[in-house]
Amino acid sequence: MNIILLGPPGAGKGTQSAGLVERHGMKQLSTGDMLRAAVKAQTPVGLEAKAVMDRGELVSDEIVSSLIDENLAAMEAGQGAIFDGYPRTAAQAADLDRILEKNGRSLDRVIELEVDVDALVERITGRFSCANCGALYHDTANPPSKEGVCDNCGSTEFKRRPDDNEETVRTRMAEYRAKTAPILPGYEERGIVSRVNGMDGIDEVAGAIDAILAK
Ligand code: AP5
Ligand code: MG
């Protein structure tokens with residue numbers, strides 16, 4: 001199965017992707033994670049992307065589509081892909097169709113996480129992750145079971161994203177509304193869109209996604 005998880009910043013795309021990886025052995029292809037890795041490694045892509053990401057704007061279609069192209073080509077044919085945070089523009093949606101076809105794959109489902117935008121700023125400003133393994137947490141909604149210790153790897157180092165401040169979040173939301181939300185009708189015409197209530201608890205959302213994938 002190849003699926004897109006679609007939703008605004010803080011909707012839970014990364015959280016639900018991690019669950020799908022664990023439960024179904026799928027691979028998460030997050031352009032945000034790929035770009036953050038490039039920024040950290042100070043590659044040419046990272047150097048170009050950093051300022052754009054810090055402002056909350058979108059990195060160029062060429063950069064993100066080539067990241068997806070490289071990563072998908074490196075996957076085993078039988079492993080399902082979760083596209084997290086990609087595509088985000090009409091051009092990227094067209095690129096994805098071409099990239100999937102080239103790799104002998106097709107798009108099975110687009111799962112939209114429906115959320116109350118007012119709640120998202122709270123989710124994003126409360127987010128942190130393990131500095132060692134990247135496991136995602138939230139100050140109140142999803143803290144580690146032992147305070148200060150990662151459930152997944154035992155590390156005691158955590159970090160917060162530089163773009164997780166209120167001002168940047170507002171720009172990220174506006175980018176979503178203007179450029180990403182308009183790609184949904186095209187997928188609706190193909191009859192592959194399902195919606196889940198992203199305001200439910202993490203486990204309920206995971207159950208709803210599994211029910212969609214089992215259909
Ligand atoms: P990206 O990393 O994709 O960020 P985003 O889309 O803004 O989404 P987030 O990662 O903030 O949210 P999420 O939906 O993954 O939520 P999460 O699961 O973490 O992109 C960052 C930047 O990179 C962009 O601004 C852009 O510059 C660039 N970029 C990336 N892809 C690009 C592309 N394709 N084209 C161009 N530019 C691109 O959850 C959030 C928090 O809520 C967590 O703390 C979590 O624990 C908590 N939480 C999750 N689910 C629940 C729940 N059900 N109940 C309560 N709390 C929950
Ligand atoms: Mg994410």
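A disulfide is here a pair of cysteine sulfur atoms within 2.5 Å, and in general terms it is a covalent bond between the sulfur atoms of two cysteines. The legends below describe close-up views of a predicted model.

**View 1. Cys133 and Cys150 face each other without forming a disulfide.** The sulfur of Cys133 has its closest cysteine sulfur in Cys150, at 3.7 Å, and because a disulfide needs the two sulfur atoms within 2.5 Å, this separation is too far for a bond. Seen from the other partner, the closest cysteine sulfur to that of Cys150 is the one in Cys133. The surroundings of the two residues can be described by their accessibility: Cys133 is partly exposed, at 33% relative accessibility, whereas Cys150 is buried, with a relative accessible area of 3%. For the structure as a whole, the number of disulfides is 0.

**View 2. Strands β6, β5 and β7 form an open sheet, in that order.** The sheet has 3 strands, and their pairing is antiparallel. Its edge strands are β6, residues 136-138, and β7, residues 158-159, each of which pairs on one side only. As a general background to this view, strands of a sheet pair through backbone hydrogen bonds, either parallel or antiparallel.

**View 3. Strand β5 is joined to β6 by 3 bridges and to β7 by 2 bridges.** Strand β5 covers residues 127-130 and runs antiparallel to β6. On the β6 side, Arg127 has His138 as its bridge partner, and Ser129 stands opposite Leu136. The hairpin of β5 and β6 has 5 residues between the strands, and in this hairpin Gly134 takes a positive phi near 85°. On the β7 side, where the pairing is also antiparallel, the bridge partner of Cys130 is Phe158.

**View 4. Phe128, Tyr137 and Phe158 are linked into a cluster by ring pairs.** The structure has 3 aromatic pairs in total. One of them is the stacked pair of Phe128 and Tyr137, whose ring centres are 5.7 Å apart and whose planes make an angle of 25°. Phe128 also forms an edge-to-face pair with Phe158, with 5.5 Å from centre to centre and 80° between the planes. This second pair links distant parts of the chain, since Phe128 lies in strand β5 and Phe158 in strand β7, 30 residues apart. Which residues of the cluster are buried, and which is partly exposed? Phe128 counts as buried at 12% relative accessibility, and Tyr137 is buried as well, with a relative accessible area of 6%, while Phe158 counts as partly exposed at 25%.

**View 5. Helix α4 spans residues 61-73 and packs through its buried residues against several other elements.** The helix has 13 residues and reaches 18 Å from its first C-alpha to its last, which is close to the 18 Å expected at 1.5 Å a residue. Its buried residues are Ile63, Val64, Ser65, Leu67, Ile68 and Leu72. An α-helix has 3.6 residues a turn, so residues three or four places apart point the same way. What do the buried residues of α4 pack against? Their partners are the strands β2 (27-30) and β3 (81-84), together with the helices α2 (31-41), α3 (44-55) and α5 (90-102).

Definitions and conventions. Residues are numbered from 1 along each chain as its sequence is written. Chains are lettered from A and ligands numbered from 1 in the order in which they are written. This is a predicted model: local features need pLDDT of at least 70, side-chain atom pairs count only at pLDDT 80 or more; totals for chains, interfaces and linings use all residues. Side-chain values use heavy atoms; hydrogens and water are left out. Helices (H or I, at least four residues) and strands (E, at least two) are DSSP runs, numbered from the N terminus. The expected span of a helix is 1.5 Å times one less than its number of residues. Buried means under 20% relative accessible area, exposed over 50%, partly exposed in between (1.4 Å probe, protein chains only). Contact means heavy atoms within 4.5 Å. Two strands pair if DSSP finds at least two bridges between them. Rings of Phe, Tyr and Trp (its six-membered ring) pair if their centres lie within 6.5 Å; planes under 30 degrees apart count as stacked, over 60 as edge-to-face and the rest as tilted.
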